[in-house]
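Welcome! Take a moment to turn the model around on your screen before reading on. Then use the notes below as a guided tour.

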Amino acid sequence: MTSFISVVSPTGPGSSMCGYCGPPGGRSQSRSSHNTAGFVASQLSCEIYQKIIDRGWRRSGTYCYKPDLKRSCCPSYTIKLDILEFKPSKSQRKLINRWNRFVLRGNRIDDVTMDNADTSSKKGFSKAPPFSLVHSIHASESLFSDEKFARTFETTLERSVFTPEKYSLFERYQNEIHHDNDTTSSGFKRFLVESPLEYEPIPYTKRRPRHLPSHYGSYHQLYRVDGELIAMAVVDILPNCVSSVYFIYDKKWEKHSLGKLSALREACLANEMHDAGALGMNALYLAFYIHSCQKMRYKADYSPSYLVDPEEFTWHPMEACIPLLDKYRYACFTHPEHSLEGSRDPGPESGQPVPDDVLCEISIIDSMQDDGVVTVVPINSSTSWKRRDFREEVYSHINGLGVDLSKDIILSYSMII
Ligand SMILES: [Zn+2]
């Protein structure tokens with residue numbers, strides 16, 4: 001068990017309009033996404049959060065939620081790329097080479113050509129060296145080269161904190177990409193800065209190169225060209241993966257496919273961490289894969305990738321999942337016979353009762369004194385337990401996390417800890 005305590009405040013199941021298949025009123029009747037459970041976390045250990053996302057959860061700021069795949073029009077499956085086996089495709093290699101050429105030679109931003117030339121140096125008749133992801137990713141960064149390039153490209157990985165510069169990028173991103181003119185700095189903080197993850201030292205077994213993080217936790221990776229902030233990735237660095245949370249960029253750099261480049265850079269980061277002896281690190285999580293959304297299918301181009309089964313939470317190779325995803329709205333990989341077509345009855349909701357012997361081992365904060373002493377009691381001894389809505393909320397919480405994980409997370413309904 002981890003030394004960092006995890007404390008969360010369940011919010012129960014919920015639904016919202018689907019952001020992938022457009023506004024309601026279209027052909028389909030149920031254009032909504034459902035969550036089987038959710039909570040606001042005041043603190044989470046990275047080890048616990050790793051287990052949470054391995055059960056199909058995701059976070060937005062400090063709010064964590066588990067989509068209900070059976071009830072959603074666009075089911076979202078957790079996808080991971082095996083970074084130890086990852087071989088970038090030809091087009092992914094081209095993308096990196098094209099970016100490097102741009103930095104080295106300094107073409108105008110919009111002067112982008114997809115030529116087939118390989119930039120790796122070819123001397124005489126000797127063959128070009130095999131493609132190395134780590135080498136190519138760093139080839140144009142000023143930190144990794146003494147050469148003077150036409151442009152100065154730098155990336156920095158820093159803890160997730162607010163700065164006016166980041167907010168200004170977010171404001172432009174929302175205006176120009178999402179046509180949203182109502183951004184606020186508090187909204188930005190809630191969505192992309194706040195995180196419940198505790199920074200915990202990473203047990204590297206070798207000397208850590210300075211550009212790699214020393215702690216697990218939530219980070220911002222900043223992309224700067226000639227000093228100007230052009231993009232920012234929000235990533236969680238966890239014991240077994242780098243998890244992509246979000247990516248924002250300046251629209252005038254759109255042609256460089258920075259979002260795709262950032263996934264390659266994050267795969268590279270995970271790889272370098274593994275090589276430095278963070279041995280549990282073996283994957284890049286690309287958030288959710290949504291088969292019904294064409295724009296999301298590029299995630300399947302990073303190979304070999306795996307989807308988590310929505311019922312058993314085991315990992316399945318993408319190639320094995322695709323035929324089921326093509327055939328069913330809701331696909332279950334371990335039990336294909338559980339898969340559902342169209343709007344077929346998804347069965348009972350998540351608030352199924354949980355046995356007493358399990359409830360006895362789930363703690364809730366009962367009281368907090370001024371001197372910081374916190375008293376916890378078993379959930380079914382708490383004063384709220386007699387309320388039916390409360391019990392149902394707790395049941396969805398336990399069903400969403402599974403019994404073992406629920407026992408490691410303390411519930412709280414007063415967020416001041
Ligand atoms: Zn949808």
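A quick definition to start: helices (H or I, at least four residues) and strands (E, at least two) are DSSP runs, numbered from the N terminus. What you have here is a predicted model. The average pLDDT of the protein is 90, and 91% of the residues score at least 70.

**Where to be careful**

- For residues 24-29 the pLDDT is below 50, and this stretch has four contacts in the model beyond near neighbours in sequence.
- Residues 114-123 also have a pLDDT under 50; the model gives them 13 contacts beyond four places in sequence.

**Helix H2 and its surroundings**

- Find helix H2 at residues 90-105: its 16 residues reach 22 Å from the first C-alpha to the last, close to the 22 Å expected at 1.5 Å a residue.
- Ten names are worth looking up here, since Gln92, Leu95, Ile96, Asn97, Arg98, Trp99, Asn100, Arg101, Phe102 and Val103 are buried in H2.
- The buried residues of H2 pack against helix H3 (133-138), strand E7 (153-159), strand E9 (215-225), E10 and H6.
- After H2 comes Gly106, which has a positive phi, near 75°.

**Strand E11 and its partners**

- Strand E11 covers residues 241-249, and eight of its nine residues are buried.
- On one pairing, strand E10 (residues 228-237) runs antiparallel to E11, with seven bridges joining them.
- You can check this pairing at Val234, which stands opposite Tyr246 in E11.
- Three residues lie between E10 and E11, and the two strands form a hairpin.
- E11 also pairs with strand E12 (residues 283-289), this time running parallel, through three bridges.
- For a landmark on that pairing, look at Ser243, whose bridge partner in E12 is Tyr285.
- Helix H6 (residues 258-275) joins the picture too: E11, H6 and E12 make a right-handed β-α-β unit.

**A closer look at Val377**

- Which strand holds Val377? Val377 sits in strand E16, which spans residues 374-378.
- Why does Val377 count as buried? Its relative accessible area is 18%, and buried means under 20%, so Val377 qualifies.
- Which residues does Val377 touch, leaving out those up to four places away in sequence? They are Ile362, Ser363, Ile364, Asp366 and Ser382.
- Try one distance yourself: Val377 and Ser363 are 14 residues apart in sequence, yet 5.5 Å apart in space, C-alpha to C-alpha.

Conventions: Residues are numbered from 1 along each chain as its sequence is written. This is a predicted model: local features need pLDDT of at least 70, side-chain atom pairs count only at pLDDT 80 or more; totals for chains, interfaces and linings use all residues. Side-chain values use heavy atoms; hydrogens and water are left out. Buried means under 20% relative accessible area, exposed over 50%, partly exposed in between (1.4 Å probe, protein chains only). Two strands pair if DSSP finds at least two bridges between them. A crossover is right-handed if, with the strands pointing away from the viewer, the path from the first strand over the helix to the second runs clockwise. pLDDT is the predictor's confidence in each residue, from 0 to 100. Contact means heavy atoms within 4.5 Å. The expected span of a helix is 1.5 Å times one less than its number of residues.
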